[in-house]
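This briefing sets out selected features of one protein chain for readers working at the bench. Please consult the sequence and the model alongside the points below.

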Amino acid sequence: SKIAEVALFNGGLVREKMAEWSSAIIAFQKIIQKYPNSNLLAKTNFRIAKNYEKMLQWDFAAEAYLNVTLKFPSSELAPVSLYNAGFCFENAGKLKESAATFEKMAYLYIDSPDAPDVLFKAGEIYGLLKDWESVSRVNQTFARKFGNDADRIIQALCMNGIALYMQNNESEAIVQLEKAIVTFSKIKDPS
């Protein structure tokens, strides 16, 4: 039938509304198996990820979200899928994967309104992991790309200074921390 794939998709959505997450996943997986050229595949894969998320199966959800981004990079669902994958990895306790996913999302979808938030979050997570090289890299990128974010630029510069200090690069750390002070003094209405 010409409407079979749409009917399967709608059936999956009905299962979701009934909180039958596993049944919804099965319906969506049937679309992938039976209709490999369907226009619904990006949405179908996204719904699978969302249902795994509802079941708190963070690893499966993260992988399914990454699948959306890998298979459908130009889809409108790709940036939000990468964003969601980062949070799923974080909820699974996989902080390294979470930070890397957030960083990747910010680089791939730099024009996304979420890009500054996830890049900043990546820096915070790298800090928790004491991955000072990554903290420095991410915060330098944040300062370069989103330096007009008055609420976080000082934090980014300070985090970079601390990361440099933790890497025994004291002279560059001092330069970064002095830059934070100068930048702070230029903010018209600092928080």
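Lys-50 and Glu-53 both belong to helix α3, where three residues, about one turn of the helix, separate them. Their side chains meet in a salt bridge, with N and O 3.6 Å apart. The model is predicted, and its mean pLDDT is 91, with 99% of residues at 70 or more.

**Confidence**

- Helix α3 (residues 41-54) has the highest confidence in the protein, at a mean of 97.
- Confidence is lowest in helix α9 (residues 153-166), where the mean is 85.
- As a general caution, predicted coordinates should not be read in detail where pLDDT is low.

**Salt bridges**

- Seven salt bridges are found when the whole structure is searched.
- In general, side chains of opposite charge can pair when their charged atoms come close.
- In the pair within helix α3, Glu-53 counts as partly exposed because its relative accessibility is 22%, which lies above the 20% limit for a buried residue.
- Arg-47 is joined to Glu-16 by a salt bridge in which the closest N and O atoms are 2.8 Å apart.
- This pair links distant parts of the chain, with Arg-47 in helix α3 and Glu-16 in helix α1 (residues 4-17), 31 residues apart.
- Glu-16 has a relative accessibility of 12% and therefore counts as buried.
- Asp-117 and Arg-152 also form a salt bridge, and their closest N and O atoms are 2.8 Å apart.
- Asp-117 lies in helix α7 (residues 115-128) and Arg-152 in the loop between α8 (132-146) and α9, so this salt bridge ties together parts that are 35 residues apart in sequence.
- The two partners fall into separate exposure classes: Asp-117 is partly exposed, with a relative accessible area of 37%, whereas Arg-152 counts as buried at 18% relative accessibility.

**Buried polar residues in helices α3 and α6**

- Thr-44 is found in helix α3 and is buried, with a relative accessible area of 0%.
- Apart from neighbours within four places in sequence, Thr-44 is in contact with Phe-9, Phe-28, Ile-31 and Ile-32.
- Ser-98 has its place in helix α6 (residues 95-108).
- Ser-98 counts as buried because its relative accessibility is 0%, under the 20% limit.
- Residues up to four places away in sequence being left out, Ser-98 touches Gly-86, Phe-89, Glu-90 and Ile-125.

**Helix α9 and its surroundings**

- Ile-154 is located in helix α9 and counts as buried, at 17% relative accessibility.
- Beyond its neighbours within four places in sequence, Ile-154 is in contact with Ala-180, Thr-183, Phe-184 and Ile-187.
- The C-alpha atoms of Ile-154 and Thr-183 are 7.0 Å apart in space, although the two residues are 29 residues apart in sequence.
- Ile-162 also lies in helix α9, but at 45% relative accessibility Ile-162 counts as partly exposed.
- Together with Tyr-165 and Met-166, Ile-162 makes a nonpolar surface patch of about 300 Å².

**The loop between α9 and α10**

- Asn-168 is placed in the loop between α9 and α10 (170-186).
- With a relative accessible area of 68%, Asn-168 is exposed.
- Asn-168 and Ser-38 are 130 residues apart along the chain, and 54 Å separates their C-alpha atoms.

**Cysteines**

- How many disulfides does the model contain? The count comes to zero, with the rule requiring a pair of cysteine sulfur atoms within 2.5 Å.
- In general terms, a disulfide is a covalent bond between the sulfur atoms of two cysteines.
- Cys-88 is buried, with a relative accessible area of 1%.
- Cys-158 is partly exposed, with a relative accessible area of 27%.

Methods: Residues are numbered from 1 along each chain as its sequence is written. This is a predicted model: local features need pLDDT of at least 70, side-chain atom pairs count only at pLDDT 80 or more; totals for chains, interfaces and linings use all residues. Side-chain values use heavy atoms; hydrogens and water are left out. pLDDT is the predictor's confidence in each residue, from 0 to 100. Helices (H or I, at least four residues) and strands (E, at least two) are DSSP runs, numbered from the N terminus. Buried means under 20% relative accessible area, exposed over 50%, partly exposed in between (1.4 Å probe, protein chains only). Contact means heavy atoms within 4.5 Å. Patches are made of residues with over 30% relative accessible area and no salt bridge: like charges are joined within 9 Å, nonpolar side chains (Val, Leu, Ile, Met, Phe, Trp, Tyr) within 5 Å. Accessible areas come from the Shrake-Rupley method with a 1.4 Å probe; for residues, only the protein chains shown count as cover. A salt bridge is a side-chain nitrogen of Lys or Arg within 4 Å of a carboxyl oxygen of Asp or Glu.
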